[in-house]
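Trainee: I should like to learn how the features of a protein model are read from its atoms. Would you take me through them in order?

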Amino acid sequence: MKVITKGLTQSTLKKELVALPTPCNDVVYYPAKLADLATEKRYTVFQTLSQKSGLAYLVVTQPHTAKVVLAGSKDLINEVYQAIPWSHYEIADEDNKFDYKESPSLEALEDYFLHLKEQ
């Protein structure tokens, strides 16, 4: 598992999805609704997978940005994601389902990942 802490990642809005460049030079997409939640001071975390490299990522949303915070195997990132103790939500349309967890606050989000890096 690699902890990603350098800077914020630029993202681009495409229709109902936000394109997020990954550290492996791929692009992953997440629902624009998560960006909307971040502007309402609701912070989320989700897992995603690069089809190009096979690396999985844990991503957090904050106002006006999303940031990759962890990278690793699909199984490892899923294990870390499942252990996050926050409420689980789902965004669904007729073709896709997208899971995310919502942090109780920005401080809780930052504290959780700071302590995770220390382990």
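Trainee: Which residues of helix α1 (residues 32-39) are buried?

Mentor: Two terms come first. Helices (H or I, at least four residues) and strands (E, at least two) are DSSP runs, numbered from the N terminus. Buried means under 20% relative accessible area, exposed over 50%, and partly exposed in between, with a 1.4 Å probe and protein chains only. In helix α1 the buried residues are A32, L34, L37 and A38. As a general idea, an α-helix has 3.6 residues a turn, so residues three or four places apart point the same way.

Trainee: On what conventions does this reading rest?

Mentor: The model is predicted: local features need pLDDT of at least 70, side-chain atom pairs count only at pLDDT 80 or more, and totals for chains, interfaces and linings use all residues. Residues are numbered from 1 along each chain as its sequence is written, and side-chain values use heavy atoms, with hydrogens and water left out.

Trainee: How many helices and strands does the protein have, and in what order do the elements run?

Mentor: There are three helices and nine strands. Starting at the N terminus, the order is β-β-β-β-α-β-β-β-α-β-β-α.

Trainee: What share of the residues counts as buried, and how much area does the protein expose?

Mentor: Of the 119 residues, 40% count as buried. Accessible areas come from the Shrake-Rupley method with a 1.4 Å probe; for residues, only the protein chains shown count as cover. The protein exposes about 7,200 Å², of which carbon and sulfur atoms supply 48%. For contacts, meaning heavy atoms within 4.5 Å, residues 24 or more positions apart account for 44% of those with a separation of 6 or more.

Trainee: Which residues take a positive phi without being glycine?

Mentor: N25 has a phi near 65 degrees, and K41 has one near 60 degrees. N25 is placed in the loop between β3 and β4 (27-31), and at 63% relative accessibility N25 counts as exposed. K41 comes just after α1, in the loop between α1 and β5 (43-49). K41 is likewise exposed, with a relative accessible area of 63%.

Trainee: How many salt bridges are there, and which side chains form them?

Mentor: Side chains of opposite charge can pair when their charged atoms come close. The rule applied here asks for a side-chain nitrogen of Lys or Arg within 4 Å of a carboxyl oxygen of Asp or Glu, and the count comes to three. E90 pairs with K97, the closest N and O atoms being 3.9 Å apart; E90 is partly exposed at 43%, whereas K97 is exposed at 55%. Salt bridges that share partners join E40, R42 and E102 into one network. Within this network, E40 meets R42 at 3.6 Å, N to O. E40 is partly exposed at 48% relative accessibility, as is R42 at 33%. E102 meets R42 at 3.1 Å, N to O. E102 lies in strand β9 (residues 97-103) and R42 in the loop between α1 and β5, so the pair ties together parts that are 60 residues apart in sequence. E102 itself is buried, with a relative accessible area of 15%.

Trainee: How many aromatic pairs does the structure hold, and which residues do ring pairs link into a cluster?

Mentor: Rings of Phe, Tyr and Trp (its six-membered ring) pair if their centres lie within 6.5 Å; planes under 30 degrees apart count as stacked, over 60 as edge-to-face and the rest as tilted. The structure holds five such pairs, and ring pairs link Y30, F46 and F98 into a cluster.

Trainee: Which charged end sits over the ring of Y81?

Mentor: A charge sits over a ring if NZ of Lys or CZ of Arg is within 6 Å of the ring centre and within 35 degrees of the ring normal. Here the charged end of K101 does so, 5.0 Å from the centre of the Y81 ring.

Trainee: Where does L17 lie, and which residues make a nonpolar surface patch with L17?

Mentor: L17 lies in strand β3 (residues 17-21) and counts as partly exposed at 37% relative accessibility. Patches are made of residues with over 30% relative accessible area and no salt bridge: like charges are joined within 9 Å, nonpolar side chains (Val, Leu, Ile, Met, Phe, Trp, Tyr) within 5 Å. L17, V27 and Y29 make a nonpolar patch of about 240 Å². L17 and A35 are 18 residues apart in sequence and 9.5 Å apart in space, C-alpha to C-alpha.
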